[in-house]
Amino acid sequence: MSAERRFPRRSERGTRPNPSGVHFLVAEDVVNTLVRVCRPGPDDLVIDFGAGPGVLTSAAAKRGARVLAVERDAEFAAMLIRRFRDNARVRVVRGDLRTVTLPRKDFLVMANPPYSASTALFRRLLGARRPTVVRGALTVEWGFARRLVSATSSAGELAWWAARYDIGLVRRVRPASFRPQPRVDSAVVSIRRRELSPEAERLLVELLKAAGRNPSRSARSLVRHIGAPDAHRLLARCGVEPGSSAGIVPPSAFAAFADAATARGEKPSSTV
Ligand SMILES: C[S@@+](CC[C@H](N)C(=O)[O-])C[C@H]1O[C@@H](n2cnc3c(N)ncnc32)[C@H](O)[C@@H]1O
């Protein structure tokens, strides 16, 4: 990739095709937000997906973290290798974020990935059977961020992500924070894994599947089947109006319910 392609002139911004979703983060305040939310430290492994020239790799490494910089473009990968060749805590992998092998151990994410790959990346990170990402901060398109944080229990895979992870919309980011500028506003989103027992997770899967199948069924009727006489009271304690439609319940509320119900030893039935 030529330098010109990497940094198009102002007049060209937003007018050229940008198949690799290249928009470099140039605003220091946004980098600082990502660092503040992700909180990388010396005990952490951080993955920077779509590392480009390495602004976020560098920020995480400065805080003492081990960093895996994943970059598909050969020239950027070579540039990263040169830039961090004296830093033993940074490893550069030339690869595709959609297929690169992820660590089996817990890790953090701090990234400004190509927006065309946001869904694939979130699916990999938050949708995995045993997700190993503990927390992170990422930039995504504003519209995608809104969909993530407003997902209801009938929203399919978005519901699962929002049940399994606490997802927060941290701030809006204007196009001028990038070079070249994307056509749309962006957002910094935070992700934090909910630590659920396997039983709670199983119950959560059942609840979300049932809410997806029959979104107008009441939340009370959905949880009645777990065999606890006062399940509806537990529902209310988790912030859910028992008579409300299951489909509009926030996935985080069903996660809290599954956690509380299984923590007190109830045996959920397999069909909700
Ligand atoms: C939005 S830019 C961000 C660069 C850098 N992180 C920053 O904030 O300045 C996205 C980067 O991801 C790379 N990229 C695009 N598709 C990728 C993919 N499928 N896997 C890994 N990297 C990819 C691009 O080459 C580009 O360097």
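## Ligand shell and two listed residues

Glu71 is buried, with 27 other C-beta atoms within 10 Å; a residue counts as buried if 20 or more other C-beta atoms, placed from the backbone, lie within 10 Å of its own. The model is predicted: local features need pLDDT of at least 70, side-chain atom pairs count only at pLDDT 80 or more, and totals for chains, interfaces and linings use all residues. Residues are numbered from 1 along each chain as its sequence is written.

Glu71 is part of strand β3; strands are DSSP runs of E with at least two residues, helices are runs of H or I with at least four, and both are numbered from the N terminus. His23 sits in the loop between α1 (3-6) and β1.

The table sets out both residues, with contacts up to four places away in sequence left out. Two residues are in contact if their C-beta atoms, placed from the backbone, lie within 7 Å.

| Residue | Other C-beta atoms within 10 Å | Contacts |
|---|---|---|
| His23 | 23 C-beta atoms, buried | Phe178, Arg179, Pro180, Gln181 and Pro182 |
| Glu71 | 27 C-beta atoms, buried | Gly50, Ala51, Gly52, Phe76, Ala77, Leu80, Val92 and Arg94 |

Around the ligand there are 23 residues, of which Phe24, Leu25, Gly50, Gly52 and Asn112 come nearest; a residue is near a molecule if its C-beta atom, placed from the backbone, lies within 6 Å of it. At least two shell residues each come from β1 (24-25), α3 (55-62) and β3 (66-71).

An unreviewed UniProt entry lists His23, Leu25, Gly50, Glu71, Asp96 and Asn112 under "binding site"; such annotations may be inferred rather than shown by experiment.

Conventions: A residue is buried if 20 or more other C-beta atoms lie within 10 Å of its own, exposed if 12 or fewer, and partly exposed in between; C-beta atoms are placed from the backbone.
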